[in-house]
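Trainee: I have a model open and some terms to sort out. Can we go through them one by one?
Mentor: Yes, bring it up.

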Amino acid sequence: MNQPLKLVVLISGGGRTTVNLQERILAGRLPARIERVISSRSDARGVELAKQLGLSVVVVERASHDDEAFQQLLTEAVRSVPADLICMAGFLSLWRIPEDCLGRVINIHPALLPDFGGKGMYGHRVHEAVLAAGRVESGCTVHFCDNEYDHGQIILQRKVAIPPGCSATELAAKVFAEELEAYPEAIRLIAEGCVRWREASRTAPTG
Ligand code: GRF
């Protein structure tokens, strides 16, 4: 049998995604192990929840460092544990992913990328934008990350229908229910070797 996939989880907020992954792992439904949770905010609810679950948590505080120092500390924190896969789970800072980590970083976004992603597109803003655009469906996307916000090779998407009169709060709940299935499923596909990062999919370097 394959060894469980070693995960590092990057968070900035609520931690529901992390809790879901850990619950799936403990239930024997996800062949993985969370080696460390790294938070960009010490006051994130996710820090508390992850600790309650007995997970190893490290904070690399975005607000206390300039970008260069933050990038360096974050990269060091990621590299300090042997990770097969680095999962962004509500991580709101941009991490300049070093070459040795490219292809091993994934993210979940609460919309059907490539639409409704990018800097500043998180939380309710995403769902409000989807509704303002008059869309009749939304969903979530799990993707490999490159060095742009919400960008990179798509692993899978799950869709939801948007009924007339749906509010942003209702849409958020519908999409999150799909996220609870989508992220473990994407990790399982990677663990089983069914999905691989295609280097050709990376964003061309600029400058
Ligand atoms: C999720 O909606 C996810 O799609 C997005 O951030 C949210 C994370 O929620 N990337 P939480 O912090 O895990 O509660």
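Trainee: Where is the place of Phe116?
Mentor: Phe116 is in the loop between strand 5 and helix 4. Helices (H or I, at least four residues) and strands (E, at least two) are DSSP runs, numbered from the N terminus. This is a predicted model, where local features need pLDDT of at least 70, side-chain atom pairs count only at pLDDT 80 or more, and totals for chains, interfaces and linings use all residues. Residues are numbered from 1 along each chain as its sequence is written, and side-chain values use heavy atoms, with hydrogens and water left out.

Trainee: What makes Phe116 worth a remark?
Mentor: Its phi is positive, about 60°, although Phe116 is not a glycine. Most residues other than glycine have a negative phi.

Trainee: What kind of peptide bond joins Leu113 and Pro114?
Mentor: A cis one, with omega about 15°. Most peptide bonds are trans. Pro114 also lies in the loop between strand 5 and helix 4 (124–132).

Trainee: Why is the link between Glu179 and the ligand called a polar contact?
Mentor: A polar contact is a pair of N or O atoms within 3.5 Å; within protein, one must be able to donate a hydrogen and the other to accept it, and residues adjacent in sequence count only if both atoms are side-chain atoms. Here a side-chain N or O atom of Glu179 is 2.7 Å from a ligand oxygen atom, so the pair fits the definition.

Trainee: Which backbone atom does a nitrogen atom of the ligand approach at 2.7 Å?
Mentor: A polar backbone atom of Ile108. For Gly14, a backbone N or O atom lies 3.1 Å from a ligand oxygen atom.

Trainee: Why does the ligand lie between domain 1 and domain 2?
Mentor: Domain 1 (1–101) and domain 2 (108–194) both give residues to the shell around the ligand, so it lies between them. The bounds come from an automatic or database domain assignment.
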